[in-house]
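Subject: Structure handover

Hi,

Here is the structure for your files. My notes on the sheets follow below it.

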Amino acid sequence: MSLLVVGTVAFDNIETPFGRADMVVGGAATYIALAASYYTRNIKIVSVIGDDFPEADLDDLRSRGVDMAGLQVKQGEKSFFWAGRYHDDMNGRDTLDTQLNVLADFDPVLPADYQNAEFVMLGNLTPAVQMRVLDQLKQKPKLIALDTMNFWMDTAMDELKEVIKRIDILTINDEEARQLSGEHSLVKAAAAIHQMGPRILIIKKGEHGALLFYENEVFFAPALPLAEVFDPTGAGDTFAGGLMGYLASTNDISFENLKRAVVYGSAMASFCVEKFSTERLKELNDDMITERMLRFVQLVNFDAKLNT
Ligand code: AMP
């Protein structure tokens, strides 16, 4: 099944208690496509960059089977730029700077062979752009997922709510779920968000794992306890990429398979945080992913002796 990926392709400045990295490659679509490329080679990117983006990184994505026909390159302009600083707990972070640059007037155009995508991952970017992409699809996809963040809730809440009406899965973090729903309890937030449109909600809780709310059911996937976290940037996007890559490759959107997909997403995110930027995501192989999945199984597997 083909996976259409929309999102930023960007430069980031990242500060953590352990160091900093300037002008490294980032962006939601970059992380999503890299993570998904371990599950499917049928990925199509829609995004925009300036003429400042390294060709080697684009070639690397192409070599992983990522179709870049929907990537616009704006001559004489700069790529999206984001700067963030992580707190000492490595969970919280402050955005120091967001420069939309080429994203400010981005009008996505879907090439003809993108318009029948079965799986769609609307990664974090302008809600109006996410909507424009949905409007160009020729047939209803099997599954549409959307990721967003507080920046868009602060600046474009109405447009965001419009696009959320049209999706199947929303992936956001706990603070964003509270902001979107106005509810503090995540269970109440999930119920309120279901009413907004998506029948599936995934709330990411950083090092505390992720909750999957599927109609009336709930599933919890832990994050892997890691001795060293270098850079959490992109972990949420990587999670979404692993999740959607796995779902597209299995073509099964049952609750049971969604549970597996959430753990595959968590496994990919656990790699992402081990090095700065996209470095770690580029050096994986199937054996490493299988070994990591085994650690997740061992982490939650126990034999309850219940007298029922
Ligand atoms: P994550 O850590 O998964 O939330 O994603 C971090 C990535 O999102 C970084 O590589 C940034 O380039 C990108 N990013 C940050 N802010 C935004 C934004 N407002 N819209 C789209 N992408 C963003």
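Which residue in strand 9 stands opposite M121? A145 does.

The basics come next. This is a predicted model, where local features need pLDDT of at least 70, side-chain atom pairs count only at pLDDT 80 or more, and totals for chains, interfaces and linings use all residues. Residues are numbered from 1 along each chain as its sequence is written, and side-chain values use heavy atoms, with hydrogens and water left out.

Open sheet of nine strands
- The strand order is 5-4-1-8-9-10-11-12-13, with mixed pairing. Two strands pair if DSSP finds at least two bridges between them. Helices (H or I, at least four residues) and strands (E, at least two) are DSSP runs, numbered from the N terminus.
- Strand 5 (66-74) and strand 13 (217-221) are the edges, each pairing on one side only.
- Neighbouring strands here are turned by 15° on average, direction ignored. Axes are lines fitted to C-alpha atoms, for helices over the stretch in contact, and angles run from 0 to 180 degrees between N-to-C directions.
- Helix 8 (residues 255-272) packs on this sheet. It touches strands 10, 11, 12 and 13, contact being heavy atoms within 4.5 Å. Its direction makes about 25° with that of strand 13.
- Strand 8 (residues 119-122) runs parallel to strand 9 (residues 143-147), over four bridges.

Open sheet of four strands
- The order is 3-2-6-7, and the pairing is mixed.
- Strand 3 (19-26) and strand 7 (93-99) form the edges.
- Strand 6 (residues 80-86) pairs with strand 7 in the antiparallel sense, over six bridges. F81 has Q99 of strand 7 as its bridge partner.

Best regards
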